Amino acid sequence: MVLLLSFLLLLGLCEDTVSEKPSSPGYRPADLEFQLPSTSYQTSDSYDPGPAGFFFHIVRLFVHVVQPNAFPEDILRNIIQKKFDPSKEYDKIIYYEIGVIICAALGLLFIILMPLVGFFFCLCRCCNKCGGEMHQRQKKNGPFLKKYFTVSLLVICVFMSIGIIYGFAANQYMRTHVEETRKLSDSNFNDLRTLLNAVPGQIDYILEQYTRTKEKAFDDLDNINLLLGGSIYERLKPKVLPVLKDIKALAEDMKTNRATLARVNTVLTDMKQSSAHLRTSLRDMKTSMEQTLTDPQCSFPVTATTCASIRQSLNVLDGSANFDQLPSLDGHIAQLDGLLQTDLSSLVQKANDSLSDIPGEVKNQTRDFISEFKKTLNSIQSDVKNVSTKIPIQKTLSNFVRYINNSEDYILHYLPTVEKCNSYRWLVCLTICCLLTLILIFYLLGLLCGTLGYDQNATPTNRGCVSNTGGVLLMVGVGFSFFFSWIVMTIVVLTFVTGGNLENLVCEPYRNKKFFQILDTPYLLNEDWEYYLSGLVLNKPDINLTFEQVYSDCKENKGLYATLKLDHIYNVSEELNITKHTGDINSNLENMDLRINDIELLDKTGRKTLMDISSSGIGKIDYAAYINATEGSPTRVNLMSFADNLQRKANQLPPGNLKTSLKDHVDTLRNIHQNQVVPLQNSMSIMHQQMKGLHHRTSRLRDRVSNIIFFLNSTQYFLTSQLAKVVIEESKQFGSKIISYFERYLQWVKMAITQQIAACKPAATALDSAVNVFLCSYIVDPLNLFWFGIGKATVLLLPALIFAVKLAKYLRRMYSEDVYEDEPVRKVQSKPRVQTIPRVQTVPMVQTVPMKTMRHANTRSRVEQGTQTI
């Protein structure tokens with residue numbers, strides 16, 4: 001009933017959600033991210049039986065060994081089509097069920113023979129047969145047989161205990177999990193309601209995302225000056241800015257050159273004056289020293305040599321620097337002043353401003369366009385809303401909610417009955433397990449008492465009470481085995497036939513989807529419909545919509561729109577055609593007439609200034625003359641060294657006017673060096689560095705200006721010929737960006753409706769919960785494990801009772817025993833002996849065989865012996 005109900009639940013879901021919308025995996029655009037809110041469900045989509053799963057798998061393998069035949073698809077199809085006649089085609093059923101039939105037949109044979117054998121065994125022992133005679137024959141291998149029977153019975157008891165444990169565990173497992181059926185049912189129905197309740201929210205979310213998309217487009221439109229105007233500016237900037245930068249750098253260099261020439265010209269004037277003054281000072285110094293050397297003291301032999309040496313050194317006392325040959329730079333400075341009257345930097349800044357004004361110009365020209373464009377985007381929102389209203393979601397949801405409520409009421413109505421029956425089943429199975437446990441306990445207690453109380457030196461008639469008790473317990477276990485084993489086997493056969501067939505005919509076909517494949521057979525459920533499910537859901541039985549495909553798609557959590565192929569009823573793709581909705585956007589963008597005024601990088605005056613700079617004579621200055629003139633020293637000799645040398649020579653002279661005058665000349669030379677030579681050297685150094693820098697800047701001035709003019713012309717040509725094209729391209733790219741928002745949104749809406757909305761995984765989970773979890777995992781698997789364990793223990797009762805009967809003979813106290821003498825004797829018949837107790841009979845003497853000396857056996861009356869046989 002639960003299986004049928006769950007299957008109808010899936011069909012109802014398919015039929016009543018015809019209008020629901022599926023969806024795609026979340027579409028993630030670059031600027032916008034769309035993803036339906038996730039829905040969490042209570043029921044797990046998979047079931048893990050835990051450690052018990054290993055034992056369930058073993059039982060399934062055993063069932064497949066017993067019944068290895070393939071699933072009877074043809075028989076099931078004929079049964080569904082009511083074309084199967086059991087009276088004529090019973091051989092097919094027998095062939096399929098042959099393994100089960102053989103096992104069941106063996107079980108029935110066990111059920112019939114076990115009580116009969118037990119009855120005759122009891123009669124046989126009452127007649128002192130079948131081991132009922134309380135007399136044990138002495139054998140050579142008696143100790144070995146006892147150990148063999150003990151070990152064999154112990155091993156059998158161990159295997160029986162494993163089977164009984166399986167039975168207890170399976171019984172408790174089934175009880176515990178069947179009690180969770182209510183919780184499982186509630187979680188599945190809650191998940192189905194969650195699915196239904198989530199659909200309206202998903203639709204609202206889709207509509208809300210259009211608002212997000214529209215706001216994003218509005219934001220871009222409001223910032224069109226930065227986006228479109230900025231993109232145009234960025235396209236032009238790599239072409240324009242380098243040229244403007246070079247012109248500006250040239251203008252700055254020309255200003256620097258003019259300043260450098262002015263400084264050099266000033267320094268040159270100072271240097272000319274300083275060098276003339278230095279020459280005059282040195283010439284006067286030379287004349288004065290020559291006059292001093294005419295002193296009479298120089299004629300003395302002592303001083304003559306020194307004076308002659310000083311007189312000879314006066315030839316180097318002269319100024320070597322003469323800058324009068326260097327021409328003045330006033331003409332070049334005046335020429336640069338004329339060129340610099342045109343401010344190239346301001347012209348470049350004007351071109352930069354024209355380029356920077358593009359965003360603002362775009363903003364002003366597109367103000368009306370943006371207003372109309374926003375109206376178009378608002379109209380698309382109404383189209384998306386219309387698509388959602390054309391799908392009758394609310395009506396479908398109300399019908400399905402009612403169907404879920406009715407199904408839940410039906411399950412809740414019968415669930416107490418199921419739980420009550422499960423309690424009775426648990427009690428019966430527990431009783432069966434307890435009976436087998438009781439038999440096992442008797443066997444184990446018999447083994448324990450027999451092993452602990454056995455005395456190998458005691459004769460059979462003198463065995464101890466504990467050993468005798470062990471033998472009695474074993475025989476009690478044998479009696480219970482005969483009495484209850486057939487009852488247990490009856491339960492085993494019934495559960496085996498039921499559980500094995502459910503595993504092979506329901507659970508296994510459900511897991512490998514053969515059950516769905518049979519239902520998908522064309523014209524099976526309805527002779528007029530090729531595909532039953534498509535005829536039921538879509539009223540178009542020729543569409544290939546199968547149960548297997550629906551189940552698989554729902555397991556993958558796909559939306560019902562794609563799962564049930566609802567595009568044959570309502571084609572969302574056509575309604576959400578991207579071209580249809582973005583056509584108005586494209587037409588509006590084409591009407592965006594954006595024109596950027598031509599940008600003039602440099603006017604005619606600026607261009608003429610560039611040409612004049614190229615032809616100016618600043619690059620033709622004889623820089624080598626200036627540089628060479630300032631490389632040397634302003635004097636032929638270092639005046640400080642000359643003064644020091646003169647000082648040493650003067651110190652060699654005797655005191656007098658000559659020595660004093662020479663020392664005064666030394667001081668004068670040092671003053672000339674400090675006050676005239678050093679400043680002149682500094683000026684020469686400054687002029688030298690300035691002229692070298694100026695020469696470096698102007699050495700390739702003509703080529704530099706030519707390159708600037710070339711790139712200026714090419715850039716200006718680019719702006720004149722390509723600016724309009726750039727504007728058009730960037731406008732289209734901006735429009736494509738706006739359109740891409742809605743294309744992505746509409747694509748996501750299409751995928752969301754077709755694949756994500758009403759993702760039907762809870763429906764597949766509900767069906768799995770009913771069949772795979774409740775029926776197969778909660779009932780069939782533990783039921784099969786129960787009969788597998790109990791059946792094994794019951795079958796082992798046969799060898800166990802045999803060994804128990806054999807072993808009891810070695811543990812129980814016998815009434816008579818074999819007696820042996822040292823020598824062989826004749827066979828004699830004892831005479832009756834009168835006893836003091838009434839009804840005492842005489843017991844004949846036992847034949848003896850010479851083996852070893854033993855005591856005479858204790859004898860009792862046959863009447864007493866007969867009453868104690870069993």
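These are my notebook entries on the salt bridges, one helix pair and one residue of a predicted model.

**Entry 1, overview.** I began with the protein chain as a whole. I counted 29 helices and two strands in it. The protein chain has 870 residues, and buried ones make up 46% of them. I then looked up the exposed surface, which comes to about 43900 Å². Carbon and sulfur atoms supply 56% of that surface. For contacts I took pairs of residues at least 6 apart in sequence, and 90% of these contacts join residues at least 24 apart.

**Entry 2, salt bridges.** How many salt bridges does a search of the whole structure find? I got 17. I went through some of them by pair.

**Entry 3, R235 and E730.** I noted a salt bridge between R235 and E730, with 2.8 Å between the closest N and O atoms. R235 belongs to helix α8, residues 224–292, and E730 to helix α26, residues 701–756, so this salt bridge ties together parts that are 495 residues apart in sequence. Is each partner buried or exposed? R235 has a relative accessible area of 35%, so I entered R235 as partly exposed. E730 is at 6% relative accessibility and is therefore buried, the cut-off being under 20%.

**Entry 4, D768 and K555.** The next pair I looked up was D768 and K555, whose side chains meet in a salt bridge at 2.9 Å, N to O. This pair, too, links distant parts of the chain. D768 sits in helix α27, residues 761–795, while K555 sits in helix α18, residues 547–555, and the two are 213 residues apart. I have D768 down as buried because its relative accessibility is 8%. K555 I have as partly exposed because its relative accessible area is 32%.

**Entry 5, D644 and R670.** I found the side chains of D644 and R670 in a salt bridge at 2.7 Å, N to O. D644 is in helix α24, residues 639–652, and R670 is in helix α25, residues 657–698; they are 26 residues apart. For D644 the relative accessible area is 33%, so D644 is partly exposed. R670 is partly exposed as well, with a relative accessible area of 28%.

**Entry 6, a network.** Which residues are linked in a network of salt bridges? I listed R60, E503, E508, R511 and D781.

**Entry 7, helices α9 and α24.** I returned to α24, the helix that holds D644, and looked at how α24 lies against helix α9, residues 301–313. Two packed helices are described by the angle between their axes and the distance between the axes, so I looked up both. The axes of α9 and α24 come within 10 Å and cross at roughly 165°. That angle is over 145 degrees, so α9 and α24 are roughly antiparallel to each other. I recorded their crossing as left-handed. On the α9 side, T306, S309, I310 and S313 make the contact. On the α24 side I wrote down F642, L646, K649 and Q652.

**Entry 8, N628.** Last, I looked up N628. Where does N628 lie? I placed N628 in helix α23, residues 623–629. Its relative accessibility is 49%, so N628 counts as partly exposed, exposed being over 50%. I also checked N628 against H688, which is 60 residues away along the chain. The C-alpha atoms of N628 and H688 are separated by 8.2 Å.

Definitions and conventions
Residues are numbered from 1 along each chain as its sequence is written. This is a predicted model: local features need pLDDT of at least 70, side-chain atom pairs count only at pLDDT 80 or more; totals for chains, interfaces and linings use all residues. Side-chain values use heavy atoms; hydrogens and water are left out. Helices (H or I, at least four residues) and strands (E, at least two) are DSSP runs, numbered from the N terminus. Buried means under 20% relative accessible area, exposed over 50%, partly exposed in between (1.4 Å probe, protein chains only). Contact means heavy atoms within 4.5 Å. Accessible areas come from the Shrake-Rupley method with a 1.4 Å probe; for residues, only the protein chains shown count as cover. Axes are lines fitted to C-alpha atoms, for helices over the stretch in contact, and angles run from 0 to 180 degrees between N-to-C directions. Angles under 35 degrees count as roughly parallel, over 145 as roughly antiparallel, 65 to 115 as roughly perpendicular and the rest as oblique. A crossing is left-handed if the near helix is turned anticlockwise from the far one by less than a right angle, and right-handed if clockwise.
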